[in-house]
Amino acid sequence: MTVRGTVTIERRRLVAPLGWPLRHMPIEVVTTTNLVMTAGLRYYAQRAAGEGETNTFRAFVLFENDVGITPALADTYTDGGVPVGGTLKRMSSQFAKTDDQDPGNSVEAGPLVVTYAVTYGMAEANDVAINGVAITNYAAGAPSASEPLLMHARFPAVTKTDQEELTIRVNHVFGNVV
């Protein structure tokens, strides 16, 4: 069995065209791949075997200015790069789930796809060079340097302002090697 992953980063601006109600308009969508870490593969194996998980993996964290960092299977929290202050955030309450048919999940959905998602509001994650994301264990304050990661991804830098929301969806597709 293999696990492959995609990440979709959607930046939306709160706008009110003359005479229309406020709404969030997509202004940028970036899609990239992500690497499921060794700790993430172990997590999925423990879930499949009905065993207690070593890690809970319920939080997203964003990274910035990390040109040249390539995700590797053994990555931990400090291998992700420079965390964007205040971006360690629990994933949205209805996630993780399979077969996410939400219109925002336009890349992949299905019974063999696990989706994770988080939304950073207008006052959160404002930065000019966000270019990485990971899912880790949630802890109040910063995770320890050796905190394991479920997944890690890099992407072209995204700028988020206080007039925008940023939604990140991570899909892990399970399949057979053919």
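A residue counts as buried when its relative accessible area is under 20%, as exposed when that area is over 50%, and as partly exposed in between, using a 1.4 Å probe and protein chains only. By that yardstick, buried residues make up 46% of the 178 residues in the protein chain.

Before we look around, a word on the model. It is a predicted one, in which local features need pLDDT of at least 70 and side-chain atom pairs count only at pLDDT 80 or more, while totals for chains, interfaces and linings use all residues. Residues are numbered from 1 along each chain as its sequence is written, and side-chain values use heavy atoms, with hydrogens and water left out.

**The overall layout**

The protein chain has one helix and 10 strands. Here helices (H or I, at least four residues) and strands (E, at least two) are DSSP runs, numbered from the N terminus. Following the sequence, you meet them in the pattern β-β-α-β-β-β-β-β-β-β-β. Contacts, meaning heavy atoms within 4.5 Å, reach far along the sequence: of those between residues at least 6 apart, 71% join residues at least 24 apart. The accessible surface, from the Shrake-Rupley method with a 1.4 Å probe, comes to about 8800 Å², and 56% of it belongs to carbon and sulfur atoms.

**Aromatic rings**

Rings of Phe, Tyr and Trp (its six-membered ring) pair if their centres lie within 6.5 Å; planes under 30 degrees apart are stacked, over 60 edge-to-face, and the rest tilted. The count is four aromatic pairs. In one of them, Tyr44 and Phe174 meet edge-to-face, 4.9 Å from centre to centre with 85 degrees between the planes. This pair links distant parts of the chain, as Tyr44 belongs to helix 1 (residues 38-48) and Phe174 to strand 10 (residues 164-175), 130 residues apart. Both Tyr44 and Phe174 are buried. Ring pairs also draw Tyr43, Tyr44, Phe57 and Phe174 into a cluster.

**Charged side chains**

Side chains of opposite charge can pair when their charged atoms come close. A salt bridge is a side-chain nitrogen of Lys or Arg within 4 Å of a carboxyl oxygen of Asp or Glu. The whole structure holds eight salt bridges, including these:

| Salt bridge | Closest N to O distance |
|---|---|
| Arg11 and Glu28 | 2.8 Å |
| Arg11 and Glu164 | 2.8 Å |
| Lys97 and Asp100 | 3.7 Å |

Where do Glu28 and Arg11 lie? Glu28 is in strand 2 (residues 23-36) and Arg11 in strand 1 (residues 2-15), so their bridge ties together parts that are 17 residues apart in sequence. Arg11 is buried, with a relative accessible area of 13%, whereas Glu28 is partly exposed at 25%. The bridge between Arg11 in strand 1 and Glu164 in strand 10 ties together parts that are 153 residues apart in sequence. Glu164 is buried, with a relative accessible area of 0%.

Turning to the third row, Lys97 is partly exposed, at 31% relative accessible area, while Asp100 is buried, at 2%. Elsewhere, salt bridges that share partners join Glu10, Arg12 and Glu165 into one network.

Lys97 has a ring partner too. A charge sits over a ring if NZ of Lys or CZ of Arg is within 6 Å of the ring centre and within 35 degrees of the ring normal. Lys97 lies over the face of Phe95, at 5.1 Å from the ring centre.
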